Number of protein chains: 2
Amino acid sequence: MTTKIRTERRAGALSKTRIVEAAIEILDNEGEDALTFRALAARLATGSGAIYWHIADKNDLLAAATDHVIARIAMDAAKGSTPQDVIRALALGVFDALHAHPWVGGQISRNPWQYAVLRILEGVGRQVQALGVPEHAQFNTVSAILSFILGLAGQYAAGARLLPRHTDRAAFRKAFLGTVAAKWAQLDPAEHSFVRQVAKVLPEHDDREQFLAGIDLILAGLESLR
Amino acid sequence: MTTKIRTERRAGALSKTRIVEAAIEILDNEGEDALTFRALAARLATGSGAIYWHIADKNDLLAAATDHVIARIAMDAAKGSTPQDVIRALALGVFDALHAHPWVGGQISRNPWQYAVLRILEGVGRQVQALGVPEHAQFNTVSAILSFILGLAGQYAAGARLLPRHTDRAAFRKAFLGTVAAKWAQLDPAEHSFVRQVAKVLPEHDDREQFLAGIDLILAGLESLR
DNA sequence: TATTTATTGGAACATCGTTCCAGACATGTC
DNA sequence: GACATGTCTGGAACGATGTTCCAATAAATA
């Protein structure tokens, strides 16, 4: 089709891959807002017009960057174990990818129809089939797991958006949650009793553990469908 | 503090409420991209500077608009029924609000720390407590339900972002899902067996029903925690 | 009435995604 | 080796956006 395989005509030539990798570096190191075509052109020592020769627009760029990251998640990890374990491993793979590249969360949550999400859908779907969930319930089940993952993805991306660049992420996170918890603790007890209770444990809670607990909750619900 | 209650000094004066309501009209009728300070100023027959006197910035405007919508969801619906039913009603309230105002999905999924989300958290949390979930598991449980809702919110917003303005939503949705399904059906069967199976039912599936199935799945999992 | 304060309207600014185009480069043809 | 052709590059220019700035105005106060 349009994608002819072509040998490099120039030394150090521009290519979609090279552009995408530079974009990922900017996104990881300087955050979502720092990825502009001007910054990207500067890093690649070229002009924005040259980039547009290889990339349709910014959506295309972000989708390619996202797929570049998601594709690396081992979609078929842990062959020998149970389907439950594979789903856990898969979900944790996404979680860890989001941890390493928080902007991915915003991207897949903003554009769930892109190929990167389809990869996750396929990976989860196969395990749900292997679990023996009846066919009529499979789509609903996978959709629920996917929604859960995407919801977390969005939250993770939101956290990263608040983050000042080049700071200690763990320390900042704890400080931020502490601030939120303090604010919550001052809410009207009559209207926010549960939130106030959560505020007590909010700064100490482990995101990864909580995520896994959510997956296990859904997996437990799955038992009732068999 | 800074928020003094003040009587209108001019007839037809600008106010945060009036600005927010105008913003919601634009968001609902013309979509997320149509909400600009210029368009808003034109609709209010004023200048952008006047708006900035009442609103800090665009984030503030969107957060206020979102809270305006979420606050209307009956957080304490169906007093007499079981906690499960209340959670379902609550979740469906959010779902229907997202249906009526799809831009809300993007907003709460992009910014989960805003007050609108806290309202949902409190509403769900109380019912989880009423269900008898042990205290140490309550936060994880509510977080899972919230992630699921936020994930769906993001997907809904993404769908609305594709939508041309002033078109029949239901018809467009069906046509769009048909296109996606056709694309999926052509994927390599070896690598995408599950996605290809889903493609068959994708255009006919009911979002609302699927959402409810997800909630029920989590509720079923909850049984195992008691 | 005179003065102060709250509020308005719109011009101006910096920055963004995107388009446009003149030129540089590599390759196929005589 | 010279020329013509299509591929790729670099950067200027365009339109739109969020935001700031400020002179002008209306209400409140003295």
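**Entry 1: Loop after helix 2**

I take as helices the DSSP runs of H or I with at least four residues, numbered from the N terminus. With that in hand, I located Ala45(B) in the loop between helix 2 (37-43) and helix 3 (48-54) of chain B. I note at once that the model is predicted.

I looked up the backbone of Ala45(B) and found a positive phi of about 55°, although the residue is not a glycine. Most residues other than glycine have a negative phi. I then asked whether Ala45(B) is buried or exposed. Ala45(B) counts as exposed, because 9 C-beta neighbours lie inside 10 Å and the limit for exposed is 12 or fewer.

I turned to chain A for the corresponding entry. Ala45(A) lies in the loop between helix 2 and helix 3 (48-54) of chain A. Its phi is positive, about 55°, and Ala45(A) is not a glycine. Ala45(A) is exposed, with 9 other C-beta atoms within 10 Å.

**Entry 2: Chain A as a whole**

I counted the elements of chain A and recorded 11 helices and 0 strands. The C-alpha trace of chain A spans about 65 × 45 × 30 Å along its principal axes. Chain A has 226 residues, of which 37% count as buried. Among the contacts in chain A with a separation of 6 or more, I found that 64% join residues 24 or more positions apart.

**Entry 3: Confidence**

I checked how far the model of chain A can be read. The mean pLDDT of chain A is 89, and 90% of the residues score at least 70. Among the helices, I noted the lowest confidence in helix 8 of chain A, at a mean of 90, and the highest in helix 2 (residues 37-43) of chain A, at 97. Over residues 1-6 of chain A, pLDDT stays under 50, and the model has 0 contacts beyond four places in sequence for them. Where pLDDT is low, the predicted coordinates should not be read in detail.

**Entry 4: Where the chains meet**

How many residues of chain A are in contact with chain B? I recorded 41 residues of chain A in contact with 41 residues of chain B. Helix 6 (103-110), helix 7 (115-130), helix 8 (135-162), helix 10 (193-201) and helix 11 (207-223) of chain A each supply at least two residues of the side that touches chain B. The largest share of that side, 14 residues, comes from helix 8 of chain A. By type, I sorted the residues of this side of chain A into 21 nonpolar, 17 polar and 3 charged.

I next compared the copies. A turn of 180° and a shift of 0.0 Å along the axis lay chain A on chain B with an RMSD of 0.1 Å. I therefore entered the relation as that of a two-fold axis. The same surface serves both copies, since 100% of the contact residues of chain A recur in chain B.

**Entry 5: Helix 7 of chain A**

I tested the length of helix 7 of chain A. Its 16 residues, at 1.5 Å a residue, should span 22 Å, and the end C-alpha atoms are 23 Å apart, which agrees. The helix is mostly covered, with 12 of its 16 residues buried. Among the buried residues I listed Val117(A), Glu122(A), Val124(A) and Arg126(A). What covers them? The cover of the buried residues of helix 7 of chain A includes helix 4 (58-70), helix 5 (83-100), helix 6 and helix 8 of chain A, together with helix 10 (193-201) of chain B. After helix 7 of chain A comes Gly132(A), with a positive phi near 85°.

**Entry 6: The nonpolar core**

In soluble globular proteins, nonpolar side chains tend to be buried together. I found 114 residues in the largest nonpolar core. Those that touch the most other members are Val124(A), Ile149(A), Ile218(A), Ala23(B), Val124(B), Ile149(B) and Ile218(B). I followed Ala23(B) further: leaving aside its neighbours within four places in sequence, it is in contact with Leu35(B), Leu40(B), Leu61(B) and Ala65(B).

**Entry 7: Helix 4 of chain B**

Leu61(B) and Ala65(B) are among the buried residues of helix 4 of chain B. The buried residues of this helix pack against helix 1 (16-30), helix 5 (83-100), helix 6 (103-110) and helix 7 (115-130) of chain B. I checked its length too: the 13 residues of helix 4 (residues 58-70) of chain B should span 18 Å at 1.5 Å a residue, and the end C-alpha atoms are 18 Å apart, which agrees.

**Entry 8: Lys174(B)**

I placed Lys174(B) in helix 9 (residues 169-185) of chain B. Lys174(B) counts as partly exposed, because it has 13 C-beta neighbours inside 10 Å. From C-alpha to C-alpha, Lys174(B) and His205(B) are 9.5 Å apart in space and 31 residues apart in sequence.

Conventions. Residues numbered from 1 in each chain as written. Chains lettered and ligands numbered in written order. Predicted model: local features only at pLDDT ≥ 70, side-chain atom pairs only at ≥ 80, totals over all residues. Contact = placed C-beta atoms within 7 Å. Nonpolar A, V, L, I, M, F, W, Y, C, P; charged D, E, K, R; others polar. Buried ≥ 20, exposed ≤ 12 C-beta atoms within 10 Å, placed from the backbone. Core = buried A, V, L, I, M, F, W, Y, C linked by C-beta atoms within 7 Å. Expected span 1.5 Å × (residues − 1). Least-squares fit on C-alpha atoms with pLDDT ≥ 70 in both. pLDDT = per-residue confidence, 0-100.
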